[in-house]
Amino acid sequence: MRTFLALLLIAAPLAAQGPHDEEHAKGGAYADRLKDEIRARKMYEKAARASIPPRFRDALNKYKPSDADLAAAWGEFALTDGTPFGALQLAVPAAVAADSLTFFGIVGDSTYFEELPVQHSGGDRFVERSLLLPPRIMRGVFGLARKNEILGLASVAIQQPSDVSRLILSSDVHLLPVAQDPLAPFAFGGTKVVPKPRATFRRSDEVWLFLEMRSAAAPQLTTKLDIEGGPTKFKGAPTPAEATPLKGVPGHYGVGNTVDLSALKPGDYRVRVTLVDAVGKTSVTREASLRIIE
């Protein structure tokens, strides 16, 4: 594995900061961050009280998993004050051309119904949304629609955020042009990590593996990568890994690498990353599905 994420995370805050941010960084940054989080939380709480038209609510209530489900990527995270939130990505069906789509969904008592822009990453198109997480909620059901036409639904299993996030597989990791909102989906210290829909890659793609870690002390990490389940396998050895502090998010770290898939044959795989922290004396394993198509 090759480690480039540290360079991005160091450069990202410089690209995202305004001219006054250096002054704030010396004492006021943490207070400013908390103010931004309070503002963002109020905005997201308001968005979670939308009225869903009966036809759309009925579709959510009757949802059953199927092969026609929208491709969904999901992760649980936390603000610096500990407020839990989820980040959701829904892939737009290939045959649908639109600049924006209606996003709707239910998570516990929270309801969503709003127009969201369709975003692009390479040949992938998707909408994304962050959601505040109520306690003890195990599932969320979401959908996309074009005007009155429901394009598809998806469900995600929800957990409370842990000290190490779910594993994100991506082919698009880039700097954000402006400072991120505290609740921006899949944004980490000014760096955007776009989940790859259905984690489907070509062997020639550069594949990023990314985790966000929360720790009171700077971690000292080693990682081990295993890829198995398909016609070929990869067994890695433990290697040192850098946990890069996320600027503006105290106690949060980014851990990321790129992996070369060119030696693997097309097929379905399981990626397993084992993260060992010598400081915290912890070992955590995160897994994700991976498909290689050519």
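User: In this predicted model, in which order do the 4 strands of the open sheet that contains β6 stand?

Analyst: The pairing in this sheet is antiparallel. Its edge strands are β1 (72-78) and β5, each of which pairs on one side only. Neighbouring strands of the sheet are turned by 30° against each other on average, direction ignored. The 4 strands stand in the order β1-β2-β6-β5.

User: How many bridges join strand β2 to β6, and which residue of β6 is the bridge partner of Ala87?

Analyst: Strand β2 covers residues 84-91 and runs antiparallel to β6, to which 7 bridges join it. One position along this pair is Phe85, which stands opposite Leu132 in β6. For Ala87, the bridge partner in β6 is Ser130.

User: Which residue in the turn between β5 and β6 has a positive phi?

Analyst: Strand β5 (residues 119-121) pairs with β6 in the antiparallel sense over 3 bridges. Within this pair, His120 stands opposite Arg125 in β6. The two strands form a hairpin with 2 residues between them. The turn residue with a positive phi, of about 60°, is Gly122.

User: Why is strand β6 described as largely enclosed by the rest of the structure?

Analyst: A residue is called buried when its relative accessible area is under 20%. Asp124, Phe126, Glu128, Ser130 and Leu132 point one way from β6, while Arg125, Val127, Arg129 and Leu131 point the other way, and all are buried. Strand β6 (residues 124-132) is therefore largely enclosed, because the number of its residues that are buried is 9 of the 9.

User: Which residue of β8 stands opposite Arg146?

Analyst: Strand β7 (residues 139-146) and strand β8 (residues 149-157) run antiparallel and are joined by 8 bridges. They form a hairpin with 2 residues between them, and Lys147 in the turn has a positive phi of about 55°. Opposite Arg146 in β8 stands Glu149.

User: Which are the edge strands of the open sheet of 6 strands?

Analyst: The order in this sheet is β10-β11-β9-β13-β18-β17, and the pairing is antiparallel. An edge strand here pairs on one side only. The edge strands are β10 (187-188) and β17 (244-245).

User: How many bridges join strand β9 to strand β11?

Analyst: Strand β9 spans residues 168-175 and strand β11 spans residues 191-195, and the two run antiparallel. At one position of the pair, Ser170 stands opposite Pro195 in β11. The number of bridges that join β9 to β11 is 5.

User: How much space lies in the largest pocket?

Analyst: Rolling a probe the size of a water molecule over the atoms reveals where empty space remains. The largest pocket is lined by 29 residues, and Ala72, Ala73, Trp74, Arg198 and Ser289 lie nearest its centre. By class, the lining has 16 nonpolar, 6 polar and 7 charged residues. The space in the largest pocket is about 820 Å³.

User: Which element gives the most to the lining of the largest pocket?

Analyst: The largest pocket has a lining of 29 residues. The elements that give two or more residues to this lining are β1, β8, β9 and β20 (282-292). With 5 residues, the element that gives the most is β20.

Note on methods: Residues numbered from 1 in each chain as written. Predicted model: local features only at pLDDT ≥ 70, side-chain atom pairs only at ≥ 80, totals over all residues. Heavy atoms only, no water. Pairing = 2+ DSSP bridges. Buried < 20%, exposed > 50% of the residue type's maximum accessible area, 1.4 Å probe, protein only. Axes fitted to C-alpha atoms, helices over the stretch in contact; angles between N-to-C directions. 1 Å grid on protein atoms, 1.4 Å probe; cavity = no way out; pocket = protein on both sides within 12 Å on 5 of 7 lines; lining within 4 Å. Points joined across faces, edges and corners; volume = space filled by probe spheres on them. Nonpolar A, V, L, I, M, F, W, Y, C, P; charged D, E, K, R; others polar.
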